[in-house]
Amino acid sequence: MSNNISLIVGLGNPGKEYAQTRHNAGFWFIERLADQYGISLKNDPKFHGISGRGSIQGKDVRLLMPTTFMNASGKSVVPYAKFYNITPESMLIAHDELDMEPGIIRLKTGGGHGGHNGLRDIVPHTGPNFHRLRIGIGHPGAKERVSGHVLSKAPSSEQSLMDDALHHAMSRIKLMIDGEIQQAMNLINAYKP
């Protein structure tokens, strides 16, 4: 069953000091979409986020960036989706992924939270059936270094790999919005930096 994507969420942490950090890869995706399609993003205190609505490739799409901090992402995403009657199947959540190298990007549907604190706060309320755009940020190697890694800025060599991967996913946005998820998956997941 194909579902048009009508809500695209990017996960990250609010505030200037986090803007360039790896954990904000989901925000970067939303900012690029808003920029490319001329969608203005505004503070949306009712839903603890920054949101916008506009036309992407001829389809009506909402964009959301929770401003709750990563661990409380559900506090924004869940009521927002409920209010606008958006099913998990029509939702795409973009987030950073430790278990993939910078420059790797993957689209997947369903699954657990995979240890991601933002997803961990969303899945219990929505179920797992939303789509995820996983943006590789690399793993620092040791568990105790993860927090410092995700909350720091990537070196420019890694950043440019991530930017290219995001650009690649952006070029497949029409397929995702049209509900051609499998085809989008094949193309996005085949990407090599």
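This tour goes through the structure stop by stop, naming what to select in the viewer and what is found there. Keep in mind throughout that the model is predicted.

**First stop: the main core**

Begin by selecting I8, F29, L63 and I105, which touch the most other members among the 39 residues of the largest nonpolar core. Then add helix 1, residues 25–37, since this helix gives the most to the core, with 7 residues. In soluble globular proteins, nonpolar side chains tend to be buried together.

Staying with I8, show its surroundings: leaving out residues up to four places away in sequence, I8 touches F29, I30, L33, V61, R62, L63, L64, L92 and I173. Apart from the largest core lies another one, of 16 residues, and to find this second core you can select V9, L64, V77 and I86, which are among its members.

**Second stop: helix 2**

Next, select residues 74–83, which form helix 2, and pick out S76 within them. Is S76 buried or exposed? S76 counts as buried because its relative accessible area is 0%, which falls under the 20% limit for a buried residue. Beyond its neighbours up to four places away in sequence, S76 touches F47, H48, G49, L64, P66 and T68.

S76 shares its burial with other residues of helix 2, where G74, V77, V78, Y80 and A81 are buried as well. To see what covers these buried residues, display strand 1 (7–10), strand 2 (42–44), strand 3 (49–56), strand 4 (59–66), strand 5 and helix 4 (123–126), which are included in the cover. After helix 2 comes N85, whose phi is positive, near 55°.

**Third stop: two loop residues with positive phi**

Most residues other than glycine have a negative phi. Two loop residues are worth selecting with this in mind. H48, in the loop between strand 2 and strand 3, is a residue other than glycine with a positive phi near 50°, and it is partly exposed, with a relative accessible area of 33%. F69, in the loop between strand 4 and helix 2, is not a glycine either, yet has a positive phi of about 75°, and at 41% relative accessibility F69 also counts as partly exposed.

**Fourth stop: the largest pocket**

Now turn to the largest pocket, which holds about 370 Å³ of space. Which residues should be selected to find its centre? Of the 20 residues that line the pocket, H23, L98, G115, N117 and V146 are the closest to its centre. Strand 5 (91–97) and helix 5 (146–150) are the elements that give two or more residues to the lining, and helix 5 gives the most, with 3 residues. If you colour the lining by residue type, you will find 7 nonpolar, 9 polar and 4 charged residues.

From here, select H116, which is found in the loop between strand 6 and helix 3 (117–120). H116 counts as buried because its relative accessibility is 8%. Leaving aside neighbours within four places in sequence, H116 is in contact with L11, H23, M70, H95 and D96.

**Fifth stop: helix 6**

Select residues 156–170 to show helix 6, whose 15 residues reach 20 Å from the first C-alpha to the last, close to the 21 Å expected at 1.5 Å a residue. Within helix 6, highlight the buried residues, which are Q159, M162, A165, L166, H168, A169 and M170. An α-helix has 3.6 residues a turn, so residues three or four places apart point the same way. The partners against which the buried residues of helix 6 pack are helix 1, strand 6 (105–109), strand 7 (131–136), helix 7 (173–177) and helix 8 (181–189).

S160 also belongs to helix 6, but S160 counts as partly exposed, at 37% relative accessibility. To take in a longer span, draw a line from S160 to R62: the two are 98 residues apart along the chain, and their C-alpha atoms are separated by 27 Å.

**Last stop: an exposed glycine**

Finish at G141, in the loop between strand 7 and helix 5. With a relative accessible area of 65%, G141 is exposed. A line from its C-alpha to that of T68 spans 28 Å, between residues that are 73 places apart in sequence.

Methods. Residues numbered from 1 in each chain as written. Predicted model: local features only at pLDDT ≥ 70, side-chain atom pairs only at ≥ 80, totals over all residues. Heavy atoms only, no water. 1 Å grid on protein atoms, 1.4 Å probe; cavity = no way out; pocket = protein on both sides within 12 Å on 5 of 7 lines; lining within 4 Å. Points joined across faces, edges and corners; volume = space filled by probe spheres on them. Helix = DSSP H or I, 4+ residues; strand = E, 2+ residues; numbered from the N terminus. Nonpolar A, V, L, I, M, F, W, Y, C, P; charged D, E, K, R; others polar. Buried < 20%, exposed > 50% of the residue type's maximum accessible area, 1.4 Å probe, protein only. Contact = heavy atoms within 4.5 Å. Core = buried A, V, L, I, M, F, W, Y, C linked by side-chain atoms within 4.5 Å. Expected span 1.5 Å × (residues − 1).
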